[in-house]
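Colleague: Could you take me through one part of this model slowly, the cavity and the helix that lines it? I'm new to this, so plain words would help.

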Amino acid sequence: MLKRSVVITSQARLSLRNCQLIIEKKDDGSKTSVPIEDLSTVLIENQQVEITIPLLNALTAENVAVIFCDNSHVPASYLAPLESNSLQGERFRQQIEAGAPVKKSAWRQLIEAKIENQSRLLLKLSKDGDMLKPYYRNVKSDDADNKEGRAARIYWRELFGPGFSRLRNGVEPNSLLNYGYSILRAATVRSIIGAGMLPLFGIHHRNRYNAFPLADDIMEPYRPYVDEIVFSLYQNDYRELDTKAKVDLINVIYTDVIIDDNTHPLNIAIGITCTSILKMLAGKCKTLRLPKFQ
């Protein structure tokens, strides 16, 4: 069953009753209920939302991604369970004990898939994606010669024009990209925890101020799915994060993704990739299951 996302944009009280999320709006007193089991994501934008502890516990128990936004309506934090998998201790050890050669091989595969998916997106948009072929076909272990960065310069120029630079605080559509990647990151954290891993132990990303480096690793080949939505919005003159843009970007988690010739919603596909990451770190496989953009 395809699960739902709920976005709370107005003042409301969120509570739990009979395994349902109860949304009580403060402006008109109206109430809406949604079964917890039907939910994939709850995104809370409004700063005046009240939420009960029993509801938060129920959402984490069902592995629902709960995302809290800051005053600028940008995702700022996530709710994550401390326990979500009965084999967590063993899987944490597998993560921590995995050797450098395995991690370098995993990163190479992630970057190959990312650049190839960027190429495929450009071709889909009738742009010159073939320029990226030499980059994804020759990635070294741990991307030692930075094929990712070199390909990115070509990719962004081809996608949004020669004047565009991908900067977090840069000109539009950077804010749209930031928002979409925040949603993708939250979905990835959710899948990592669901697989019984710790998101703070990365394969390649390392930053003492980053609590989710593994999510930043795993989401790399999925970024072009956000880029496609942002490109469509930008082409239709969307320059700011209005309601339409936010809804489109949140719905990226339901985008069809192909892995091993099978189609899955993106949030399910990320879970498949996370499981293959764990198997590789545990020495049970050498090839990751990664998305192929269509």
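**The cavity and helix H6**

Modeller: Let's start at the middle of the space: Val 64, Ala 65, Leu 79, Ala 80 and Arg 190 are the residues nearest the centre of the largest cavity, and they belong to a lining of 13 residues. Keep in mind that you're looking at a predicted model. The structure has 1 cavity of 30 Å³ or more, and the largest cavity holds about 80 Å³ of space. How do people find such gaps? Rolling a probe the size of a water molecule over the atoms shows where empty space is left.

Now, what sort of residues make up the lining of the largest cavity? They split into 11 nonpolar, 1 polar and 1 charged. If you colour the model by element, look for strand S7 (65-69), strand S8 (75-79) and helix H6 (174-194), since each of these gives at least two residues to the lining. Helix H6 is the top contributor, with 4 residues.

So let's follow H6 for a bit. Just ahead of this helix, which spans 174-194, there's something worth zooming in on: the peptide bond joining Glu 172 and Pro 173 is cis, with omega at about 10 degrees. Pro 173 sits in the loop that links helix H5 (147-160) to H6.

H6 also has a helix for company. Its axis and the axis of helix H9 (residues 243-250) come within 9 Å, crossing at roughly 40 degrees. That angle makes H6 oblique to H9, and the crossing is right-handed. Which residues actually meet there? On the H6 side you'll find Leu 176, Tyr 179, Gly 180 and Ile 183, and on the H9 side Ala 245, Lys 246, Leu 249 and Ile 250. Sorted by class, the residues of this contact are 6 nonpolar, 1 polar and 1 charged.

For a second pair to set beside that one, try helix H3 (residues 100-124) and helix H10 (residues 266-281), whose axes come within 10 Å and cross at roughly 150 degrees. Because of that angle, H3 counts as roughly antiparallel to H10. Here too H3 passes H10 in a right-handed crossing. H3 brings Val 102, Lys 103, Ser 105, Ala 106, Gln 109 and Leu 110 to the contact, while H10 brings Ile 277, Met 280 and Leu 281. By class, that contact has 6 nonpolar, 2 polar and 1 charged residues.

Technical notes. Residues are numbered from 1 along each chain as its sequence is written. This is a predicted model: local features need pLDDT of at least 70, side-chain atom pairs count only at pLDDT 80 or more; totals for chains, interfaces and linings use all residues. Side-chain values use heavy atoms; hydrogens and water are left out. On a 1 Å grid over the protein atoms alone, a cavity is a set of points where a 1.4 Å probe fits but cannot get out, and a pocket is an open set with protein on both sides within 12 Å along at least five of seven lines; lining residues have an atom within 4 Å of a point. Grid points are joined across faces, edges and corners, and a volume is the space filled by probe spheres set on the points. Ala, Val, Leu, Ile, Met, Phe, Trp, Tyr, Cys and Pro count as nonpolar, Asp, Glu, Lys and Arg as charged, and the others, Gly among them, as polar. Axes are lines fitted to C-alpha atoms, for helices over the stretch in contact, and angles run from 0 to 180 degrees between N-to-C directions. Angles under 35 degrees count as roughly parallel, over 145 as roughly antiparallel, 65 to 115 as roughly perpendicular and the rest as oblique. A crossing is left-handed if the near helix is turned anticlockwise from the far one by less than a right angle, and right-handed if clockwise. Contact means heavy atoms within 4.5 Å.
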